[in-house]
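Thank you all for making the time this morning. I would like to walk through one chain with you, going region by region, and I will try to keep to what can be read from the model itself.

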Amino acid sequence: MFDPSIITLNGKKGLVTGIANEHSIAYGCAKAFRFLGADLAITYLNDKAKPYVEPLAKELEAALFLPLDVSVEGQLEAVFEAVEKQFGQLDFVLHSMAFAPKEDLHGRVVDCSREGFLKAMDISCHSFIRMAHLAEPLMPNGGTLFTMTYYGAHKVIENYNIMGPVKAALEAVAQYLAAELGHKGIRVHSISPGPVKTRAASGITDFDKLLEEAAERAPAGRLVSIDDVGLATAALATDAARLLTGDTLYVDGGLHILGVG
Ligand code: NAD
């Protein structure tokens, strides 16, 4: 028989980045990780974001609550140092962040500035490589690294613009990391939620229209919630998913099989 502990995260330690407020996809994931028994370190962007994230970190009984702006020199390293001090090791990391300067996000890809492209790639993609690099030595018994992507990486989704190529790079990064770290038992997944009304999503032109279309067309007959995304992600962090790696997992009620985001 199977050991029942295979589908829990009891005693596991995880780092969750990207909670901005109670609508954040990362918050849905953090709730599910905690529900399955994990102890969490949670980050917030800066002092402005702190009051929105702090009550959520308290509710999740976070063992660590730390600032993290990946564009601030040394802050990511400081987070991993604190995690090592508190937990000694890590079992999973959630990377759930994206950014592109407004003018580049709202413009055509053909007009994207070099500066905007580099910034979007740095914050939304290279930061995942940096996290994996810092997590590797803290995962001597293996672990799982997650990043959040979107279907616009594969097909042209109106108004997704430069984030499409950025997410395509992110998914490729996840696959290469999975190949490089697999022999250490470190698994890497891109999670691809269907559209969810969040702060980041509100930066995309006509996002409400995308939501409406998704709700109408999804085979599941409804939009996904952050809890749906969280539960699927947390399930992948358990030992029950120990030989799954390198995938893009769509949590979108089946939208991607129709070829729509
Ligand atoms: P959100 O606004 O709640 O979260 C975005 C997070 O990115 C915020 O917590 C913000 O603080 C963080 N962030 C931005 N710049 C940062 C920096 N320099 N350093 C550290 N953190 C930074 O929105 P969300 O929709 O929950 O976004 C989370 C992830 O999910 C993103 O990667 C997004 O592209 C992805 N995603 C969202 C949807 C959707 O429809 N909302 C769909 C698919 C994928």
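Before the first helix, let me fix one term: I call a residue buried when its relative accessible area is under 20%, and exposed when that area is over 50%, with partly exposed for what lies in between. Please also keep in mind that this is a predicted model.

With that cut-off, let us begin with α1, which is mostly covered, since eight of its 11 residues are buried. Those buried residues are Ile25, Ala26, Tyr27, Gly28, Cys29, Ala30, Ala32 and Phe33. After α1 comes Gly37, and its phi is positive, near 110°.

Next, the annotated positions. The UniProt record, in an unreviewed entry, gives the feature "binding site" at Gly18, Ser24, Ile25, Asp69, Val70, Met97, Lys167, Val196, Lys197, Thr198, Arg199 and Ala200. These positions cover 183 residues of sequence, and they are spread in space as well, with up to 23.5 Å between C-alpha atoms. Of this set, the residues that the lining of the largest pocket includes are Gly18, Ser24, Ile25, Asp69, Val70, Met97, Lys167, Val196, Thr198, Arg199 and Ala200. One of the listed residues, Ile25, is also among the buried residues of α1.

Let me take two of these positions in turn. Gly18 sits in the loop between β1, residues 13-16, and α1, residues 25-35. Its relative accessibility is 28%, so Gly18 counts as partly exposed. Beyond its neighbours within four places in sequence, Gly18 makes contact with Ser24, Ala26, Thr43 and Ser96. Ala200, for its part, belongs to the loop between β6, residues 186-193, and α7, residues 207-217. Is Ala200 buried or exposed? Ala200 is exposed, because its relative accessible area is 55%.

UniProt also lists Ala100 under "binding site", again from an unreviewed entry. Ala100 lies in the loop between β4, residues 92-95, and α4, residues 102-105, and it is buried, because its relative accessible area is 10%. Setting aside neighbours within four places in sequence, the residues in contact with Ala100 are Leu105, Ala120, Ile162 and Met163.

I would now like to turn to a charged residue. Arg187 is part of strand β6. It is buried and yet has no salt bridge, the nearest side chain of opposite charge being that of Asp239, 5.4 Å away. Which backbone oxygen does the side chain of Arg187 reach at 3.4 Å? It is the backbone oxygen of Thr238, and a polar atom of the Arg187 side chain also lies 3.3 Å from the backbone oxygen of Leu244. Apart from neighbours within four places in sequence, Arg187 has contacts that include Gly143, Thr144 and Leu145, and also Leu236, Ala237, Arg242 and Leu243.

Finally, a glycine further along the chain. Gly261 is found in the segment after β7, residues 248-251, and with a relative accessible area of 12% it is buried. The C-alpha atoms of Gly261 and Ile157 are 6.7 Å apart, although 104 residues separate the two along the chain. Ile157 is also one of the contacts of Gly261 outside the neighbours within four places in sequence, together with Tyr150, Tyr151, Pro195 and Leu255.

That is where I will stop, and I am happy to go back to any of these regions.

Notes. Residues numbered from 1 in each chain as written. Predicted model: local features only at pLDDT ≥ 70, side-chain atom pairs only at ≥ 80, totals over all residues. Heavy atoms only, no water. UniProt positions renumbered as here; feature names shortened; annotations may be inferred. 1 Å grid on protein atoms, 1.4 Å probe; cavity = no way out; pocket = protein on both sides within 12 Å on 5 of 7 lines; lining within 4 Å. Helix = DSSP H or I, 4+ residues; strand = E, 2+ residues; numbered from the N terminus. Buried < 20%, exposed > 50% of the residue type's maximum accessible area, 1.4 Å probe, protein only. Contact = heavy atoms within 4.5 Å. Lys, Arg positive; Asp, Glu negative; His and termini not counted. Salt bridge = Lys/Arg side-chain N within 4 Å of Asp/Glu carboxyl O. Polar contact = N/O pair within 3.5 Å; in protein donor to acceptor, adjacent residues only side chain to side chain.
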